[in-house]
Amino acid sequence: MAFRFTLHNTAGSISTVIDEPVGMDKVSLHMKRDDNYHGFLDAVDDSLGTFQFYGDAYTLLRDAYNTDGVDADVRLTIEFQCADTAVYDTLYVGKFSFEQYKEIKGASGCYIECAIENGNDLLTFRSRMNQKLSLDSIKCFDIETALSNYKALGEDVKLNPKMVRFLNYATIDTSGEGSKIFAAAVRDANNTPQYDGIGAARYYPTPPYYSFFDVFQDNITDTSNNEFLLQHGSNSCITPYTHIRSSEFGEFPGGVGDQANDTDIGGLSDANEIFQYTPDIPFQNNTIHVDIDISGAVFLSNQNDSDLSVDHIDVYLLKGLTWQDAQSHRTVPYSKGKRGCLIEETYAYMVDSDGYQRSGFVTLYNHIIEGLDTHGNAPGPARADYCMFRYIFSKDIEFFPGEKLFLVFQIQKSEDRDVHVVFFSSDYTYRNTFYYVTNGDGTRSTDFTVPQLVTQDLHAPTILTGSGARLAPPPASFIKLTFDSEYKATNAPVYMVNEALSRAVELTTNDSLRVYSDYFGRAGARHSLPYGTPVTGPAGLTALSNGLLLRGYSPLQTYYMGVGQFQSREISYSLTPISVADDYSPNMGSIIFANFASGGIILIPDDTLAPFPVGAQILIQQSGPGPAYILPDTGVALSAPAGIQTRGRNTQLLLTKVGDKSWMLSDHAPMFVSFQEMIEALNCIHAVGFGLEYDTIRNDGHYLVRVEPISYFYDHALTLMQCDNVETLERDASAGDAISIFKTGYTKWEAEEANGLDEFLSKREYRTTLRTLRKTLDRQCKYVASGYAIEVTRRKYGTSTTDWRYDNDIFVLCLAENTAADADHPDEPAYMSESGGMINNTAASNIPTGILSPDTVYNYRISPARNALRWLPYIANSYQNWADGKLVFTAGDGNYIAQGQVATGAIEHSPVNESQTLTLDMLDTAGPLITAPLYRNEVVKFKYPMSYEQWRHINTDNNKYGRIKYNVNDGPYEYGYILDLKYDLFGGMAEFTLRPAI
C-alpha cells in the first residue's frame with residue numbers, strides 16, 4: 001500500500017510531488033449528511049489539519065502565503081496504490097484553508113500546519129452561499145470569468161389580472177356621541193312645561209300631565225348628529241350622510257342635502273351625490289354592487305304643534321354626470337348600458353310600534369304616554385309620538401366614467417308643517433324621564449305618590465312581512481358599495497428558479513460549480529439552463545421577482561428625473577463608428593442617445609472600434625415601428641437575454657458598460673439574492689435539499705450542486721454494504737428531531753390595501769398529537785407569495801417613483817405556459833402567471849369554497865396547507881406508529897378556510913381545506929411526492945470492518961444515498977441511511993451512524 005502526495009499552486013500553475021506529511025497515519029476518511037439539507041458535502045474530516053509539511057511542501061506553502069495571503073489557492077491531491085503493479089487511485093483532493101495557516105520554525109526544523117477543506121470548490125461555495133449578488137451579472141467574483149446569458153434570467157412574463165373586491169362602507173357619523181339621546185319632558189294640563197328635559201329644576205305638576213319627546217335644538221338642522229329638519233311643505237328633500245366613514249378605497253363625497261322649498265326634487269344639486277365613478281379604479285365591467293339599508297324616525301319639530309299625519313317617504317336613487325343630468329332622466333328606467341337614468345323610485349313606508357308597515361297615513365302626536373294604570377298598561381288608545389321608516393336596496397349597477405350616484409328622501413305629510421327626521425346610527429334612547437301614573441279618568445292614582453323613572457329604547461324597526469316573518473333591523477343604517485376590480489395584464493421580468501440557483505453558484509465559484517435539478521428543471525424547446533431535464537419538473541415553472549420589477553421600475557426613471565443628460569445626436573443602426581465614442585462626454589455625465597425610427601439591428605461594439613469607458617451608457621429609443629434587435633459584436637459579452645429587442649414604438653433600453661467588452665442591460669431594476677436565501681425559501685415551500693455530486697454532464701472533474709426534494713437523498717432501492725452480526729449496536733431515540741409544533745406559510749402577506757381577510761397565502765401553525773415534546777419546526781417562508789401583494793404592487797406599474805413597502809421584497813410566482821405566445825404573436829411572453837390552477841367544475845366536491853375569486857388566485861399550488869403536506873412525511877416519523885401521523889391545525893392568519901384542489905400536478909387527491917387536520921392518506925400516490933416517511937427518528941451506531949474498495953464504492957457517484965444492511969446475533973436484517981461515516985484507512989475499521997429506514 002503506497003501513497004503519493006502532490007501540491008498544486010493554481011496561481012503559478014506549479015505542481016510538486018512532496019514527501020508524505022507527518023500525521024498521515026491519523027487520517028480517517030469521513031462523509032457526513034447535512035442536518036438541514038440532507039445532501040453530502042464534506043468527504044474528509046478535519047484531522048487533515050494536523051498535517052505537518054516539511055521540505056518542498058513547506059517552501060511552496062510559505063511562498064503562496066507570502067504572495068497571496070489568505071487568498072492563496074493551493075490544492076493537495078492524495079493518491080492511493082493498493083499494490084506495486086496497480087495504478088494510483090485518487091483518494092482525495094483538498095484545498096488549503098490559509099485563514100488557518102500556521103508556520104513553525106525551530107532548531108528541529110521548519111514546518112507548516114494548515115487546515116484542508118474539500119477541494120471540489122466546496123470551501124468557496126460554502127463561504128459565499130449567503131453573499132447577495134445580481135442575477136443579471138455575467139462576470140464572476142474573479143472579475144475575469146464570463147458566463148453565458150440565460151434567457152430565463154430577467155425574461156418578461158405576463159402577469160394576469162387578479163380580481164380584487166373593494167368595499168366602501170358608510171354609516172351615520174355621530175361625531176363620537178354614540179346614540180342620539182332624546183329627552184322626555186313633562187307638561188301640565190295646560191301644556192305648560194314643568195320640566196324641560198335638559199337640566200332645569202324638576203317639579204311635578206297637578207295631573208293630568210303629558211310626557212313627550214323633546215328633540216334637542218328644535219327648528220334647526222343638527223348636522224353634527226345627522227338630525228335634519230324638513231321644513232316648509234310636503235316635498236322637502238334630504239340625503240342622510242354628512243360625514244362618511246368608508247374603508248379600503250377612498251371616501252364617499254357625501255354632503256348635507258338641499259332643504260328645497262319645492263314640490264319637486266328638481267331644485268336639488270350635487271350635494272345629494274353619494275358616489276362618483278373614478279376611472280383610475282379599474283372596475284370589472286364597470287359594475288358596482290350597491291347595498292343600502294337606512295332606517296330612521298320622524299318626529300314633530302315643534303312641541304306646541306297639534307297632531308300631524310305622515311304617510312310615507314319617497315326615495316329616489318338615480319345616476320348621471322350631474323344632478324341636473326340625473327333628474328332630467330327620471331323617466332328613463334335603469335338598464336345596462338344606460339347613462340343618466342332612474343335606478344329606483346319607491347316608498348319608505350312608515351312602521352308602527354308593532355312593526356307593521358303602514359300603507360296609509362300615520363298620525364304623529366306630541367306625547368309618549370297618555371296614561372298608565374297601576375300595572376303600567378295604557379288605559380286608553382295608544383298614541384304615536386314617532387313613526388319609523390326603512391329603505392332597503394341591493395343590486396348591481398353599471399357605471400361609466402364621471403357618473404355619480406344620487407339618493408334623495410322626500411317626505412309626504414298631511415299639511416305644510418315642520419318635522420324632524422333622524423337616521424339611525426344605533427339604538428336611540430330616552431333620557432331618564434319622571435312621570436306620574438294616572439288613572440283612566442286622568443286623576444292621579446292613590447297607589448303612587450312619587451313619580452316613577454322611565455327608560456325606554458327606540459330601536460330601528462323590525463318589519464313584519466305578510467307571512468309573519470320579521471325582517472330584522474340593521475345594527476346601523478348604512479350605504480355599501482362593492483365592486484370587483486381587474487387591472488389590465490402587465491409584463492414583468494422574472495428569474496426562473498433553476499437558472500437563478502445556478503447563476504448564484506456560478507458567480508460565487510467562478511463557474512466551477514453549477515446547479516442541476518430535476519425538480520426545478522424544464523424540458524423541451526425552452527429547456528432550463530445550464531442543464532435541461534428529461535421532463536419539466538413539478539416546480540419547473542417557478543420564478544422569482546421583486547417589487548420594483550413587478551411595478552415596472554426602471555433606472556430610466558432616475559435619469560428622466562434629471563440625473564442624466566442626453567445627447568441629441570442620432571446614431572446609425574450599427575454602433576461601430578469611432579465617432580460614437582468621440583461624442584461621449586464622461587465628464588458631463590452624458591448618455592449616448594440612439595434614436596431609431598424603424599426596426600433594425602443594434603450592434604454593441606468591440607472596444608477596438610469604440611473604446612467606451614467603463615460606466616458608459618447607451619440609451620436606445622425607438623420612435624417608430626420595429627422591433628430593433630440588440631446583438632453583441634464578436635467577443636463582446638452582453639448580460640441580457642440573447643436576441644433582446646425593443647418593445648415597440650416609444651420604448652427604450654439602457655445599456656451600461658460594466659467591464660472590458662462587457663455590457664449589461666439596465667432597463668429594469670436589479671435582482672439581488674443569495675443562494676442561501678433562495679434555498680431556505682424553497683426548502684420552506686417544497687421541502688427540498690441539496691448536495692454535492694460529480695458533474696457527469698461536463699465530465700471534466702467539476703462537481704455540481706444537486707437541488708431536489710429531500711426524498712431524493714434517501715435511495716430505498718440501493719443497498720451499499722451488508723454488515724453481518726454486528727458486535728455491538730447502539731440505538732438511540734433521536735428525540736431532538738421529533739416535532740411538536742410546525743409553522744408554515746409566509747411571514748409577509750398583503751393585509752392593508754385590499755381583501756387581506758381573503759388572502760390564504762399567509763401564516764399557519766399545526767401541532768402533532770405527541771404530548772411530551774416541545775420542539776418547533778419553523779418553515780415559514782420569507783419570500784412573498786400573496787396574490788394580493790402581487791396585485792397591489794403591479795397596479796403601481798409605472799405610476800410613480802415613490803417608495804413602496806414591497807419594493808425590495810422577493811416574490812415567488814407559479815407560472816404556466818402562455819398559449820398565446822407563438823410565431824404570429826412574438827410580443828407575447830412565453831410564460832404567464834398561473835391563474836386559478838384549481839379544479840372548478842359542477843361537481844359540488846370540486847367547487848372551490850371560501851375564496852373570493854377562485855379563477856384569478858395566484859400560487860394556489862404552494863398554499864400553506866400544501867407546503868405542510870410536502871413536509872408531513874418528514875414530520876410523521878415523529879410518531880412511533882407513523883401511519884397515524886397527523887398535523888392538527890391550531891392557528892392561522894388571513895383566510896384559513898379556503899378550500900380547493902390543484903388541477904394539474906397536484907400533491908393531494910381531493911380538495912384540501914387550509915385549516916383541516918392533515919394526514920398522510922391525503923397525499924396522491926400518483927403525485928410527485930413521497931406519501932410515507934423514509935426513516936425513523938432514531939440513530940443507530942456501530943463499528944464494522946471495511947475495505948478501501950468498499951469505501952470507494954460507497955463514495956462513488958450517488959451511492960452514498962443508499963442503505964446499509966445490518967443485523968445483530970444472526971437476527972433479522974435491518975436497513976439504515978448514512979448520517980455519518982468515518983473510515984480508518986490504516987486500521988480498516990468504519991464507524992457508522994445511521995438513520996433506521998422504514
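**View 1. Asp 957, a partly exposed residue in a loop.** At 47% relative accessibility, Asp 957 counts as partly exposed, because that class lies between the buried limit of under 20% and the exposed limit of over 50%. Look for Asp 957 in the loop between α11 (948-954) and β59 (963-966). Its backbone deserves a look too: Asp 957 is not a glycine, yet its phi is positive, at about 50°. Please keep in mind here, and in every view that follows, that this is a predicted model.

**View 2. Asp 511, an aspartate in the loop between α4 and β34.** Is Asp 511 buried or exposed? Asp 511 has a relative accessible area of 15%, so it is buried. Asp 511 also has a positive phi, near 70°, in a residue other than glycine. On one side of its loop is α4 (497-508), and on the other is β34; both elements come back in the next views.

**View 3. Helices α4 and α8 crossing.** The axes of α4 and α8 (residues 675-686) come within 9 Å and cross at roughly 145°. The crossing of α4 past α8 is left-handed. Which residues of α4 and α8 meet here? From α4 come Val 497, Ala 500, Leu 501, Ala 504 and Val 505, and from α8 come Phe 675, Met 678 and Leu 682. Sorted by class, this contact has eight nonpolar residues, with no polar and no charged ones.

**View 4. A three-stranded open sheet.** Follow the strands in the order β34-β46-β45, and you will see an open sheet with mixed pairing. Why is one side of β34 and of β45 (688-694) left without a neighbour in the sheet? Both stand at the edges, each with a single partner strand, so nothing in the sheet flanks the other side. From one strand to the next, the twist averages 25°. Strands β34 and β46 (residues 703-709) pair in the parallel sense, over four bridges. To find one of these pairings, start at Leu 513, whose bridge partner in β46 is Tyr 703.

**View 5. The two helices against the sheet.** Now put the helices and the sheet together. Helix α8 packs on the sheet and touches β34, β45 and β46. The direction of α8 makes about 125° with that of β45. Helix α4 lies across β34 and β46, and runs at about 165° to β34.

**View 6. Strand β49 and its two partners, β50 and β51.** Strand β49 (residues 741-745) runs antiparallel to β50 (residues 763-767), and five bridges join them. Here Ile 741 stands opposite Arg 767 in β50. With β51 (residues 776-778), β49 pairs in the parallel sense over three bridges. Phe 742 has Leu 777 as its bridge partner in β51. As a reminder, strands of a sheet pair through backbone hydrogen bonds, either parallel or antiparallel.

**View 7. A cis peptide bond before Pro 530.** Leu 529 and Pro 530 are joined by a cis peptide bond, with omega about 10°. Pro 530 sits in the loop between β34 (513-516) and β35 (542-546).

**View 8. Where to read the model with care.** Across the protein chain, pLDDT averages 76, and 66% of the residues score at least 70. Over residues 174-236 pLDDT stays under 50, although the model has 194 contacts beyond four places in sequence for this stretch. Residues 559-590 also stay under 50, with 70 such contacts in the model.

How values were computed:
Residues numbered from 1 in each chain as written. Predicted model: local features only at pLDDT ≥ 70, side-chain atom pairs only at ≥ 80, totals over all residues. Heavy atoms only, no water. Pairing = 2+ DSSP bridges. Buried < 20%, exposed > 50% of the residue type's maximum accessible area, 1.4 Å probe, protein only. pLDDT = per-residue confidence, 0-100. Contact = heavy atoms within 4.5 Å. Axes fitted to C-alpha atoms, helices over the stretch in contact; angles between N-to-C directions. Left-handed = near helix turned anticlockwise from the far one by under 90°. Nonpolar A, V, L, I, M, F, W, Y, C, P; charged D, E, K, R; others polar.
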